[in-house]
Amino acid sequence: MFDAHNHLDRCEDPHEEATLAASSGIDGMLVAGVDPAGWEAQARLSHIPGVLLAYGLHPWAVAAMDDAAVEEGLRALERRLDRGPAASALGELGLDRSGAVDPTSLDRQERAFRAQLRLARERDLPVVLHIVRAHGRALSILRQEGLPRAGGMVHSASTPPEELPRWLELGLHISFSGSVTRHPRAREAAARVPLDRLLAETDAPDQPPLGTEAPNRVSNLGRVVQALAEVHAVSVEEMAARTAENARRVLGA
Ligand SMILES: [Zn+2]
């Protein structure tokens with residue numbers, strides 16, 4: 001299995017977590033980026049077999065920064081991409097209009113989103129999108145700016161099922177987290193994603209699947225894969241293989 005999105009660097013003991021994941025049948029994962037301090041912690045995990053990295057400025061990080069800090073963060077992101085360890089994707093980037101985020105940060109979020117889309121195109125890196133309660137706005141920005149040739153994924157998709165075709169038209173892959181074990185709307189959305197565009201993720205240590213406790217574990221990925229298999233009426237083995245194959249294709253791994 002392949003965990004298309006987690007934060008291994010934020011798990012209590014990343015090395016133990018990766019060992020447990022490997023013994024649970026997970027042979028690859030994308031560790032997603034949030035902010036410069038996190039990129040540093042991620043870089044220290046690059047030697048773990050199966051670990052791929054994405055660096056990016058998360059909308060929450062952008063919301064907590066002032067304009068000057070965002071500009072510096074974007075320059076630091078370019079330096080990180082130059083310096084390595086090599087990135088397999090750029091992200092998380094996107095827009096978040098949920099109650100958790102200061103609404104006055106939206107303009108800043110949007111500028112950082114556009115700047116990172118341009119950077120992803122320049123570097124030909126697939127993008128890892130974090131879009132919450134901002135689907136219409138994010139779609140219009142993506143249409144204006146354009147995606148990198150390598151495409152990308154919508155992570156922990158909370159896309160309303162009826163809006164999914166618009167995301168699929170852009171060529172994006174759609175990644176589901178533990179929410180697909182909990183919420184009928186997420187299952188309805190997952191049912192509309194063709195098998196060759198589906199990804200499975202834990203988002204660990206966040207978003208524990210139904211029947212598990214916080215903090216979430218990378219080794220819980222099987223529960224997400226199982227829920228997706230049920231939704232698509234295929235075997236767990238087939239869903240595990242398809243989602244892993246899709247992730248490796250997007251990430252060029
Ligand atoms: Zn995340």
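Tutor: Two strands count as paired if DSSP finds at least two bridges between them. In this predicted model, strand β6 (residues 152-154) and strand β7 (residues 173-176) are joined by 2 bridges and run parallel, and within β7 the bridge partner of Met 153 is His 173.

Student: In what order do the strands of the open sheet lie, and in which sense do they pair?

Tutor: The order of strands is read from one pairing to the next. Here the open sheet has 8 strands, in the order β1-β2-β3-β4-β5-β6-β7-β8, with parallel pairing. The edge strands, each of which pairs on one side only, are β1 and β8 (198-200). From one strand to the next, the twist averages 25 degrees.

Student: Before we look at single strands, what do the side chains do in a regular strand?

Tutor: In a regular strand they alternate between the two faces of the sheet. As for the pairing itself, strand β1 (residues 2-6) runs parallel to strand β2 (residues 28-31), the two being joined by 3 bridges, and Phe 2 stands opposite Gly 28 in β2.

Student: Through which helix does the chain cross from β1 to β2, and is this crossover right-handed or left-handed?

Tutor: The chain passes from β1 through helix α1 (residues 14-23) to β2, in a β-α-β crossover that is right-handed. The chain then crosses from β2 through helix α2 (residues 36-43) to β3, and this β-α-β crossover is right-handed too. Strand β3 (residues 51-55) pairs with β2 in the parallel sense over 3 bridges, with Val 31 opposite Leu 53 in β3.

Student: Turning to the helices, at what angle do α10 and α11 pack?

Tutor: A helix pair is described by its angle, its axis distance and its contact residues. Helix α10 (residues 221-232) packs against helix α11 (residues 236-251) at about 110 degrees, with the axes 8 Å apart. Angles of 65 to 115 degrees count as roughly perpendicular, so α10 is roughly perpendicular to α11. Val 225, Gln 226, Leu 228, Ala 229 and His 232 of α10 make the contact with Val 236, Met 239, Ala 240 and Thr 243 of α11. By class, this contact has 6 nonpolar, 3 polar and no charged residues.

Student: How do α9 and α10 pack, and which residues of the two helices meet?

Tutor: Helix α9 (residues 184-191) and α10 pack at about 65 degrees, their axes being 9 Å apart, and α9 passes α10 in a right-handed crossing. In α9, Arg 187, Ala 190 and Ala 191 meet Leu 228, Val 231 and His 232 in α10. The classes in this contact are 4 nonpolar, 1 polar and 1 charged residues.

Technical notes
Residues numbered from 1 in each chain as written. Predicted model: local features only at pLDDT ≥ 70, side-chain atom pairs only at ≥ 80, totals over all residues. Axes fitted to C-alpha atoms, helices over the stretch in contact; angles between N-to-C directions. Helix = DSSP H or I, 4+ residues; strand = E, 2+ residues; numbered from the N terminus. Left-handed = near helix turned anticlockwise from the far one by under 90°. Contact = placed C-beta atoms within 7 Å. Nonpolar A, V, L, I, M, F, W, Y, C, P; charged D, E, K, R; others polar. Right-handed = clockwise from strand over helix to strand, strands pointing away. Parallel < 35°, antiparallel > 145°, perpendicular 65-115°, else oblique.
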